[in-house]
Amino acid sequence: MSLLPLLVLALVLSSQSMSSNTTFTCPRPCTCHLELKFSSCSSANLTDLPAVLPPYTEHLNLSFNHLVFIRTQAFQDVRRLHTLLLNDNKINSLSDGAFEPLEFLLRLDLSRNRISILSEGFSLGLVSLQELSLVENRLSGLNEHGFLHLDAIRKLDLRHNSISCVHARAFSSLSALRRVYLDHNAIVNLEDRVFSMTRNLEELGLSGNNISHLDVGLFSPLTSLVLLNLTYNNLSQVEFKAFISLDTHSTHIHLRGNPWTCDCDLQRIFRKVHSVHRLQLDDYDNLSCYLPEELRDYLLMDVELCFAETVTILIITLTVIITVVAAIIMTEKKRKKTNKGKHWTEVNEMSWESQN
């Protein structure tokens, strides 16, 4: 009879063990770490998401697979996710609400996939997301709905896409945004309202686009901007007000690699900008001329393009000086002539009185 309690205890422990093993089963192509709350299925030749993932997982790596589509609420069994890596797959479509259960997700990496559009439902549920990477996808434009629910996003990386059009309200819901990288796209123009709601933005990357004009009010809302990268665009001229409207404590501006048309106006503008203490033209010494052809590849700072203007100013100044001196001389002559006339009058009067 004394063996019965031991048998019952063994059965209970066995049952608990089986339950525990069932709860924390790790799919065969993956590796799982309970202590680290980490599951990795990277480079596992997956064409679909694993049917079961440990619910304790907070960091999930599904990179370098062959995933094509992410269905609605695909990650509902791993709601505690903080990091989700889906980079280097073949994803071309994301269903609305694909990430909806992931209210704790902080980082989502979708770089190097085949995503061409972000629907309004793409960002559903991502209320805590702070970092989103869509580097090297096939995005051709940013509409007003794609980032609608990303209230907490701080870093948005959109480099190396084919983005040519950015809607004026594309970033209107991203008030917490600190860094946005739009480098190496096909952007030609940005409306002056596009950054109106991103006043906390600290870094703005726009290098490697086709931007040829900067609206005067484009950067004026960016009162926290620390770095503005406009290298390797299609800028040939720029207005002084486009930069002076940046009401910041200190902003570093990068402008090299643009096809500048070097003339007196451009040189004067850059000298003005360079003299504004809060604006740091970090690569001013490396700005080179593209036009006119006789100045091609010459550094802007090494040529004097306002010589005629300087000569004109000198001529005007000299003319004014000569005019003033001439006026002084004429006035002095008149004074002396008047005094001489008074002297002879007095002499004549004295002579007349003596004769009488």
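Colleague: As what does Cys-165 count in terms of accessibility: buried, partly exposed or exposed?
Modeller: In this predicted model, the relative accessibility of Cys-165 comes to 49%. Since a residue is called exposed over 50% and buried under 20%, the value for Cys-165 falls in the class in between, so Cys-165 counts as partly exposed.

Colleague: How many disulfides does the count come to?
Modeller: The criterion is a pair of cysteine sulfur atoms within 2.5 Å, and Cys-26 with Cys-32 satisfies this with an S to S distance of 1.9 Å. With bonded cysteines counted along the chain, the disulfides follow the pattern 1-3, 2-4, 5-7, 6-8. By this rule, the number of disulfides is 4.

Colleague: Is the disulfide of Cys-26 and Cys-32 right-handed or left-handed?
Modeller: Cys-26, at a relative accessible area of 27%, is partly exposed, and the disulfide joins Cys-26 to Cys-32. The torsion about their S-S bond is about 75°, so this disulfide is right-handed.

Colleague: How many residues apart in sequence are the parts that the pair Cys-30 and Cys-41 ties together?
Modeller: A disulfide joins Cys-30 to Cys-41 with an S to S distance of 1.9 Å, and the torsion about this S-S bond is about 105°, so the disulfide is right-handed. Cys-30 lies in the loop between helix H1 (3-23) and strand E1 (31-33), whereas Cys-41 lies in the loop between strand E2 (38-40) and strand E3 (59-61). Cys-30 is buried with a relative accessible area of 8%, and Cys-41 is buried with a value of 0%. The parts tied together by the pair are therefore apart in sequence by 11 residues.

Colleague: In which helix does Cys-264 lie, the residue that forms a disulfide with Cys-306?
Modeller: The sulfur atoms of Cys-264 and Cys-306 are 2.2 Å apart, and the torsion about their S-S bond is about 110°, so the disulfide is right-handed. Cys-306 lies in the loop between strand E18 (289-291) and helix H4 (307-355), and the pair ties together parts that are 42 residues apart in sequence. Both cysteines, Cys-264 and Cys-306, are buried. The helix that holds Cys-264, spanning residues 264-275, is H3.

Colleague: What is the area of the nonpolar surface patch made by Ile-321, Val-325 and Ile-329?
Modeller: One member of the patch, Val-325, lies in helix H4. Patch residues need over 30% relative accessible area, and Val-325, partly exposed at 41%, is above that cut-off. Together, Ile-321, Val-325 and Ile-329 make a nonpolar surface patch of about 250 Å².

Methods. Residues numbered from 1 in each chain as written. Predicted model: local features only at pLDDT ≥ 70, side-chain atom pairs only at ≥ 80, totals over all residues. Heavy atoms only, no water. Buried < 20%, exposed > 50% of the residue type's maximum accessible area, 1.4 Å probe, protein only. Helix = DSSP H or I, 4+ residues; strand = E, 2+ residues; numbered from the N terminus. Patch = residues over 30% accessible without salt bridge, like charges linked within 9 Å, V, L, I, M, F, W, Y side chains within 5 Å. Areas by Shrake-Rupley, 256 points an atom, 1.4 Å probe, with all protein chains shown as cover. Salt bridge = Lys/Arg side-chain N within 4 Å of Asp/Glu carboxyl O.
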